[in-house]
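Colleague: I am new to this one. Please walk me through it, and tell me how each label is earned.

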Amino acid sequence: MRIAVVGAGRVGVPTAASLGRLGHRVAVTDVDARRIETLQAGTVPFHEPGLEELVREGQASGRLRFTDDLADALDGPEAAFLCVGTPSDPEGAADLSALQSAADAVAMIAAGPLVLAVKSTVPVGTADRLADRLGPATRVVANPEFLREGRAVEDALRPLRVIVGTEDPAARELMRHIYDPLIDDGTPYIETDPRTAEVAKHACNAFLAMKVSYVNALARVCELAGADVETVTAAMAADDRIGAAYLEAGLGFGGYCLPKDLRAFERAVAALGYDFGLLREVDRVNDEAVDAAFARIESALDGVSGKRVALLGLAFKPGTDNVTTSPALALARRLASAGATVSGFDPQAGANAKAEVPEVDLAGDPYAALERADCAVLCTEWEEFRELDPARMRDVMALPVVVDGRNALDGDALTRAGFRYMRMGAAP
Ligand code: UDX
């Protein structure tokens, strides 16, 4: 089938490349002509493992192409996938202006009837409202993405589920045709109405955020009680009704999606008349995690003013160069405004972090970041930080203090090397 993908970002490119791999002919377009030019040259302008290879494979096979001309992308496809951003507005609700203008442009330019699949995360009711706005020639389908950064290729090629929301039988048929190879592979394929599909997406991300905040609230409880959150979560994870995933205590969740989707979901249901206060609590507890790490550092150093604190990891999670709402940067800002000198290293996200928080003294390797530091804080659990040599760390640092903001380091090895080692969710 011929498909147009509108939006060449972290959702659009993996979506398009995977549709190419499934055998479709895909044209990707974006309002950012420079981004398109970069992609035409076979370069993916962000860090996503395996994506560049998949893009190049698609280009070589002739099934994937990039164009800065929307009319060119819309020349002949049966479906267009909308993959544009839906950022937060000042109240935390989803700002749908980019989505609406992309949808308007597609509807205006498309030569014939078209299925418009909304991949972007949107508040419930958006597909219905777009359908009213665009008229009957454009059949709007809610088809939310569930791509994890760092695993987007795997999530696009082998999704945990595909959910398609439409009440139009022809659109449902066409979407099934698009996803046929995945359905044949046994991918759970859920057909429903657009509103249910939209709620399902927000429900998944808000639930994941809730798990993380639940465990971080337990971390605060354990710190006060002299208990150990790691053992508490091991006991929880042994129960498969609870599950082991998203039970890691630490600095909390960040990224493009979880924080924004949590707030957008709360705002969307508030507009419908439901007060989902639980979601506001999840947000509050998440902020508390950074406060708790800051308090640990402050008490270990007897105040942070004039002290040097080294942050190991700046990305919101390992495997990405993304620093959007990264807890590491929230902590960096907090430390800098309390008068600390903040150094930092990240294997991928250094430049992005520096652009967001210029106060961070960016180092080229972890030991350089630790040079003369009074305290090291693990903010992102990149594998390479687990392999740091405690003796060498001790040699370069001014004081032997480690706050493990992700409970990922070998505390015993650090303690043996003479460090004061503190992790989240255990008495200091
Ligand atoms: C998320 C969803 O997982 C994905 O399905 C969705 O469509 C996009 O949003 P992503 O933003 O890539 O994906 O992040 P994810 O891997 O889910 O992690 C989110 C945050 O939670 C990270 O900051 C991570 O460090 C944090 N986290 C995760 C924890 O603090 N503890 C955990 O146990 C798990």
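Modeller: Start with Gly 425. Apart from residues up to four places away in sequence, Gly 425 touches Ala 219, Arg 220, Cys 222, Glu 223, Ala 227, Asp 228 and Val 229. Touching, or contact, means heavy atoms within 4.5 Å. This is a predicted model, where local features need pLDDT of at least 70, side-chain atom pairs count only at pLDDT 80 or more, and totals for chains, interfaces and linings use all residues. Numbering runs from 1 along each chain as its sequence is written, and side-chain values use heavy atoms, with hydrogens and water left out.

Colleague: Where is Gly 425 found? And why is Gly 425 called buried?

Modeller: Gly 425 is in the segment after strand 14. Strands (E, at least two residues) and helices (H or I, at least four) are DSSP runs, numbered from the N terminus. Buried means under 20% relative accessible area, exposed over 50%, partly exposed in between (1.4 Å probe, protein chains only). Gly 425 has 0%, so it counts as buried.

Colleague: What joins Gly 425 to Glu 223?

Modeller: The backbone nitrogen of Gly 425 lies 2.8 Å from a polar atom of the Glu 223 side chain. A second link, a polar contact of 3.0 Å, joins the side chains of Glu 223 and Arg 220. A polar contact is a pair of N or O atoms within 3.5 Å; within protein, one must be able to donate a hydrogen and the other to accept it, and residues adjacent in sequence count only if both atoms are side-chain atoms.

Colleague: Is Glu 223 buried or exposed?

Modeller: Glu 223 is buried, because its relative accessible area is 19%. Glu 223 lies in helix 10 (residues 194-225). Beyond four places in sequence, its contacts are Ala 292, Arg 296, Met 424, Gly 425, Ala 426 and Ala 427.

Colleague: Why does Lys 260 count as buried?

Modeller: Its relative accessibility is 17%, so Lys 260 counts as buried. Lys 260 is part of helix 12 (residues 258-271). Leaving aside neighbours within four places, Lys 260 contacts Thr 86, Pro 87, Ser 88, Gly 92 and Thr 121.

Colleague: What makes Asp 302 and Thr 325 worth a look?

Modeller: Their phi angles. Asp 302 has a positive phi of about 60° although it is not a glycine. Thr 325, also other than glycine, has a phi near 45°. Asp 302 sits in the loop between helix 13 and strand 9, and Thr 325 in the loop between strand 9 and helix 14. Asp 302 has 72% relative accessible area, so it is exposed. Thr 325 has 43%, so it is partly exposed.

Colleague: What makes a group of residues a nonpolar core?

Modeller: It is a set of buried Ala, Val, Leu, Ile, Met, Phe, Trp, Tyr and Cys residues joined through side-chain atoms within 4.5 Å. The largest such core here has 54 residues, and Ile 297, Leu 311, Leu 331, Leu 335, Leu 370 and Val 377 touch the most other members. Helix 13 (residues 277-301) gives the most to this core, with seven residues. Apart from it lies another core of 36 residues, including Leu 157 and Tyr 189.

Colleague: Which strands form the open sheet, and in what order?

Modeller: Six strands do, in the order 11-10-9-12-13-14, with parallel pairing. The edges are strand 11 (361-362) and strand 14 (420-423), each paired on one side only.

Colleague: How do you know that strands 10 and 11 pair?

Modeller: Two strands pair if DSSP finds at least two bridges between them. Two bridges join strand 10 (residues 341-345) to strand 11, and the two run parallel. In that pairing, Gly 344 stands opposite Leu 362 of strand 11.

Colleague: Why is strand 2 described as largely enclosed?

Modeller: Four of the five residues of strand 2 (residues 25-29) are buried, so the rest of the structure largely encloses it. Strand 1 (residues 2-6) pairs with strand 2 in the parallel sense over five bridges. There, Val 6 has Thr 29 as its bridge partner.

Colleague: What makes helix 1 mostly covered?

Modeller: Nine of the 10 residues of helix 1 (residues 12-21) are buried. Just after helix 1, Gly 23 takes a positive phi of about 110°.

Colleague: How many residues surround the ligand?

Modeller: There are 20, and the closest are Glu 149, Tyr 246, Glu 248, Gly 254 and Lys 317. A residue is near the ligand if one of its heavy atoms lies within 4 Å of it. Backbone atoms also approach ligand oxygen atoms: a backbone N or O of Phe 316 lies 2.9 Å from one, and a polar backbone atom of Leu 247 is 3.2 Å from one.
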